[in-house]
Amino acid sequence: MSEPIIEAIKVTREFSGKRGRVKAIENFSLKIYPGDFIVIYGPSGAGKTTALNLLAGMDRPTSGEIILFRRNVKDLSEEDLAKIRREKIGFIFQFFNLINNLTVLENVIIPLLPTDRSETDMIARAEELLSELKLIGKKNRFPTELSGGEQQRVAVARALITDPEVIMADEPVAQLDEKSAEIVISLLLRANREGKTIILATANQALVNKLKQNISKIITLERGKIVSEETPKARKHSKQK
Ligand SMILES: Nc1ncnc2c1ncn2[C@@H]1O[C@H](COP(=O)(O)OP(=O)(O)O)[C@@H](O)[C@H]1O
Ligand SMILES: [Mg+2]
């Protein structure tokens with residue numbers, strides 16, 4: 001059996017809120033293997049975004065361990081974590097996080113800037129993704145000139161441009177019309193078929209049902225706790241053996 005690429009071991013993340021400490025995630029354990037399609041499902045406030053941020057090394061647990069590509073987040077500096085994220089993880093944020101004074105094309109290219117690719121190469125790759133996402137006509141526009149669905153698709157292109165091993169998507173279709181949602185979902189499914197690991201957080205039961213036969217594990221969260229775990233599809237790594 002292959003080793004997990006990302007692992008959470010009894011992770012708790014507390015925040016101090018208006019009414020004292022809140023455990024956004026409590027005693028959360030999960031092993032993610034190469035090629036998995038993991039869904040973190042639960043209502044708003046359940047802790048999905050907190051869990052994704054922890055699994056991506058963007059946040060640190062209050063207690064418990066996060067192991068990212070065999071290294072304990074505890075032993076890693078912010079710089080180390082930034083490097084791992086840059087090289088291995090594409091993150092689609094719930095609220096896009098686009099840079100408003102850069103064009104669509106420039107936003108998509110950002111993650112490639114620290115690499116040694118040529119500008120021609122970067123633009124070609126960005127244009128290819130923008131075409132797939134039906135956004136090529138908007139490449140010179142600014143994010144504020146786009147609809148919510150279009151901005152979300154730009155965020156998807158930006159997450160995919162480095163061809164990351166792991167794609168984390170926080171409510172990637174929540175703001176999208178049906179057609180845009182289809183495009184994004186089929187891109188994620190294709191990436192998974194090509195061997196990428198996907199971790200998707202959603203509050204949308206219909207989306208979970210639709211993805212079901214492609215999902216290796218569904219974690220249901222309620223008030224920070226895992227209340228159920230389902231494995232609709234046998235894990236790829238165990239099937240290969
Ligand atoms: N930075 C923060 N500061 C204080 N409380 C937070 C913070 N982030 C999340 N929380 C709280 O943690 C809980 C889980 O939030 P979140 O992970 O965003 O849930 P979800 O993504 O499932 O909607 C909520 O009660 C939320 O208010
Ligand atoms: Mg959220």
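Which helix gives the most to the shell around ligand 1? In this predicted model, helix 1, spanning residues 48–55, makes that contribution, with three residues. The legends below describe the ligand sites and the strand pairing.

**Figure 1. The shell of residues around ligand 1 in the predicted model.** The shell consists of Phe15, Ala24, Pro43, Ser44, Gly45, Ala46, Gly47, Lys48, Thr49 and Thr50. By residue class, five of the shell residues are polar, four are nonpolar and one is charged. Helix 1 (residues 48–55) supplies three residues, the most given to this shell.

**Figure 2. Polar contacts of ligand 1 with glycine 45, glycine 47 and threonine 49.** At glycine 45, a backbone N or O atom lies 2.6 Å from an oxygen atom of the ligand. At glycine 47, a polar backbone atom is 3.0 Å from an oxygen atom of ligand 1. Threonine 49 takes part through its side chain, a polar atom of which lies 2.8 Å from a ligand oxygen atom. Ligand 1 on its own has 560 Å² of accessible area, and the protein covers 60% of this.

**Figure 3. The magnesium ion (ligand 2) and its protein donors.** The donor atoms are OG1 of Thr49 and OE1 of Gln94, and they lie 2.0 to 2.6 Å from the ion. Threonine 49 belongs to helix 1, whereas glutamine 94 is found in the loop between strand 6 (89–92) and helix 3 (104–109); the pair therefore ties together parts that are 45 residues apart in sequence. Threonine 49 is partly exposed, its relative accessible area being 29%. Glutamine 94 is likewise partly exposed, with a value of 21%. Threonine 49 is also listed among the residues around ligand 1, and its polar side-chain contact with that ligand is given in Figure 2.

**Figure 4. The antiparallel pairing of strand 1 with strand 2.** Strand 1 (residues 6–17) and strand 2 (residues 20–32) are joined by nine bridges. A hairpin connects the two strands through two residues. Within the pairing, leucine 30 of strand 2 stands opposite alanine 8. Phe15, one of the residues around ligand 1, falls within the range of strand 1.

**Figure 5. The antiparallel pairing of strand 1 with strand 4.** Five bridges link strand 1 to strand 4, which comprises residues 63–68. Isoleucine 6 has leucine 68 as its bridge partner in strand 4. Strand 1 thus appears in two antiparallel pairings, one with strand 2 and one with strand 4.

Conventions:
Residues numbered from 1 in each chain as written. Chains lettered and ligands numbered in written order. Predicted model: local features only at pLDDT ≥ 70, side-chain atom pairs only at ≥ 80, totals over all residues. Heavy atoms only, no water. Near = heavy atom within 4 Å. Polar contact = N/O pair within 3.5 Å; in protein donor to acceptor, adjacent residues only side chain to side chain. Areas by Shrake-Rupley, 256 points an atom, 1.4 Å probe, with all protein chains shown as cover. Helix = DSSP H or I, 4+ residues; strand = E, 2+ residues; numbered from the N terminus. Nonpolar A, V, L, I, M, F, W, Y, C, P; charged D, E, K, R; others polar. Pairing = 2+ DSSP bridges. Donors = N, O, S within 2.8 Å, 3.2 Å for Na, K, Ca; no water. Buried < 20%, exposed > 50% of the residue type's maximum accessible area, 1.4 Å probe, protein only.
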